[in-house]
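Open your viewer, switch on a cartoon display and keep the selection box handy. We will go from stop to stop, and at each one you will hear what to select and what is there.

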Amino acid sequence: MEYLERCICGRVPRQKSSEKKEWRIFSLKELHSATNSFNYDNKLGEGGFGSVYWGQLWDGSQIAVKRLKVWSTKAEMEFSVEVEILGRVRHKNLLSLRGYCAEGQERLIVYDYMPNLSLLSHLHGQFAPDNQLDWDKRMNIAIGSAEGLEYLHHNATPHIIHRDVKASNVLLNSDFEAQVADFGFAKLVPEGATHVTTRVKGTLGYLAPEYAMWGKVSESCDVYSFGILLLELISGKKPIEKLGPGTKRTIVEWAAPLVFQGRLTELVDPKLQGKFNAEELKNVVHVATMCAQNTPENRPTMHEVVQILRKGPRGESLESEKKLKLDTVKYGDELLEADDSEVKTRTATTTPSSGRRSAA
Ligand SMILES: Nc1ncnc2c1ncn2[C@@H]1O[C@H](COP(=O)(O)OP(=O)(O)OP(=O)(O)O)[C@@H](O)[C@H]1O
């Protein structure tokens, strides 16, 4: 990857010539023509990096094009990290890179188009009223996204920490299968490292306490965020809920008493109208509670998560299960203040005290 080698030269091993390259470089002209010159009607959404547009290539294939908003060294870095990481990973539950374009100050990333957009749009956004996510779809999304993260943590070389696992970063293909997306904040883990200390990036409500407070990032931060995602998937609740003026509650604070009192059915999204599998519910709550523990060492690995989600906990005895304990996460007022907003620039010193193309 010539462009990337220029950007992050020396930080990551080069792609071996034997590795299959399935991405390519796009010209700006081609992307202009595919997106009707980045027409507003083609806009799928907007994130911190910039806007995402739907497009169609000359061969009829549908693409999503992420266009960098403003050029800066930081944005350039985010762009190169995302392209570098996506270029080296291939998994059925990770959004595939089609290619990129870097012409002048324009930076664009081209992905496969996901007709059912994001999990967020189905749980809390424009598709929420359609109620398309039944229990089985939710369980498949849980397993699929867990498998995507398992691949990043255990199979990618070097290992990759996503750092921004959340509902808007789980995209859904035409069969509602999960594809984990958005690797702009991801970290490559040097071999042998147990954790990396870094500036805190990510989204409030999903941040592992040790990461939010001390910037200590390891694979288990993604496991924590995945636990929050599971609670969100089961309940249809947002990670942080506004209860009234100035009062907020995390999904863990809401779920913990129900879990301890064994009132599991009360955790289930009322939109499912009681249609769920009670055994699977027990299993998925069990996984969510293990993942969303305050102590990183007590959380399971993504490999264990996949095993339990696939087979169920019965008969299995994982070390982490013995320590099962759901801590109520108490973020400081300062962190709760910001609600859904992101803390991409928050430093590690934060302290605890303070239809169009839809297949649907
Ligand atoms: N490949 C894709 N196919 C279909 N829709 C997509 C695709 N990629 C992104 N989107 C849509 O565009 C929206 C914006 O994506 P983007 O990754 O830029 O931001 P985000 O995840 O919402 O926010 P953040 O910047 O915090 O990550 C997504 O929420 C999703 O609805």
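Does Cys 101 count as buried or exposed? Select Cys 101 and show a surface to look into this: at 0% relative accessibility, Cys 101 counts as buried. Keep in mind during the tour that this is a predicted model.

**Stop 1: the cysteines**

Now select Cys 221, which also counts as buried, at 4% relative accessibility. How far is the sulfur of Cys 221 from the closest cysteine sulfur? That sulfur sits in Cys 291, and the distance is 13 Å, too far for a bond. A disulfide needs two cysteine sulfur atoms within 2.5 Å. The structure as a whole holds zero disulfides.

**Stop 2: a pair of helices**

Two packed helices are described by the angle between their axes and the distance between the axes. Select residues 135-155, which form helix α5, and residues 219-235, which form helix α7. Their axes come within 11 Å and cross at roughly 175 degrees. An angle over 145 degrees counts as roughly antiparallel, and α5 and α7 are therefore roughly antiparallel to each other.

Next, show the side chains where the two helices meet. On the α5 side, pick out Arg 138, Ile 141, Ala 142, Ser 145, Ala 146, Leu 149 and His 153. Their partners in α7 are Glu 219, Asp 222, Val 223, Phe 226, Leu 229, Leu 230, Leu 233 and Ile 234. Try colouring the residues of this contact by type: 10 are nonpolar, two are polar and three are charged.

Stay with α7 for a moment. How many of the 17 residues of α7 are buried? The count is 17 of the 17, so α7 is largely enclosed by the rest of the structure. You can also check the length of α7 with the distance tool: its end C-alpha atoms are 25 Å apart, which agrees with the 24 Å that its 17 residues should span at 1.5 Å a residue. Just after α7, click on Gly 236, which takes a positive phi of about 75 degrees.

**Stop 3: backbone details in the loops**

Go back to α5 and follow the chain into the loop between α5 and β7 (160-161), where Pro 158 lies. Which form does the peptide bond from Thr 157 to Pro 158 take? This bond is cis, with omega near -10 degrees.

Then select Ser 37, in the loop between α2 (28-34) and β2 (43-46). Ser 37 is not a glycine, although it has a positive phi of about 55 degrees. At 49% relative accessibility, Ser 37 counts as partly exposed.

Asn 131 is another stop of this kind, in the loop between α4 (119-123) and α5. Asn 131 has a positive phi of about 55 degrees and is not a glycine. Its relative accessibility is 35%, so Asn 131 counts as partly exposed.

For a further loop, select Gly 104, between β5 (97-103) and β6 (106-112). With a relative accessible area of 65%, Gly 104 is exposed. Draw a C-alpha to C-alpha distance from Gly 104 to Pro 158: these residues are 54 apart in sequence and 31 Å apart in space.

**Stop 4: two buried strand residues**

Select Val 170, in strand β8 (residues 170-172). Val 170 counts as buried, at 2% relative accessibility. Leaving out residues up to four places away in sequence, Val 170 touches several others, including Ile 141, Ser 145 and Leu 229. Ile 141 and Ser 145 belong to α5, and Leu 229 to α7, in the helix contact you saw earlier. Leu 95 is 75 residues from Val 170 in sequence, with 8.9 Å between their C-alpha atoms.

Move on to Ile 63, in strand β4 (residues 62-68). Ile 63 counts as buried, at 0% relative accessibility. Beyond four places in sequence, the residues that Ile 63 touches include Leu 31, Trp 54, Val 110 and Tyr 113. Now pick Leu 97, which is 34 residues from Ile 63 along the chain; their C-alpha atoms are separated by 9.9 Å.

**Last stop: helix α3**

Finish by selecting residues 73-88, helix α3. Its 16 residues should span 22 Å at 1.5 Å a residue, and the end C-alpha atoms are 23 Å apart, which agrees. Of these 16 residues, 13 are buried, so α3 is largely enclosed by the rest of the structure.

Terms used: Residues are numbered from 1 along each chain as its sequence is written. This is a predicted model: local features need pLDDT of at least 70, side-chain atom pairs count only at pLDDT 80 or more; totals for chains, interfaces and linings use all residues. Side-chain values use heavy atoms; hydrogens and water are left out. Buried means under 20% relative accessible area, exposed over 50%, partly exposed in between (1.4 Å probe, protein chains only). Axes are lines fitted to C-alpha atoms, for helices over the stretch in contact, and angles run from 0 to 180 degrees between N-to-C directions. Helices (H or I, at least four residues) and strands (E, at least two) are DSSP runs, numbered from the N terminus. Angles under 35 degrees count as roughly parallel, over 145 as roughly antiparallel, 65 to 115 as roughly perpendicular and the rest as oblique. Contact means heavy atoms within 4.5 Å. Ala, Val, Leu, Ile, Met, Phe, Trp, Tyr, Cys and Pro count as nonpolar, Asp, Glu, Lys and Arg as charged, and the others, Gly among them, as polar. The expected span of a helix is 1.5 Å times one less than its number of residues.
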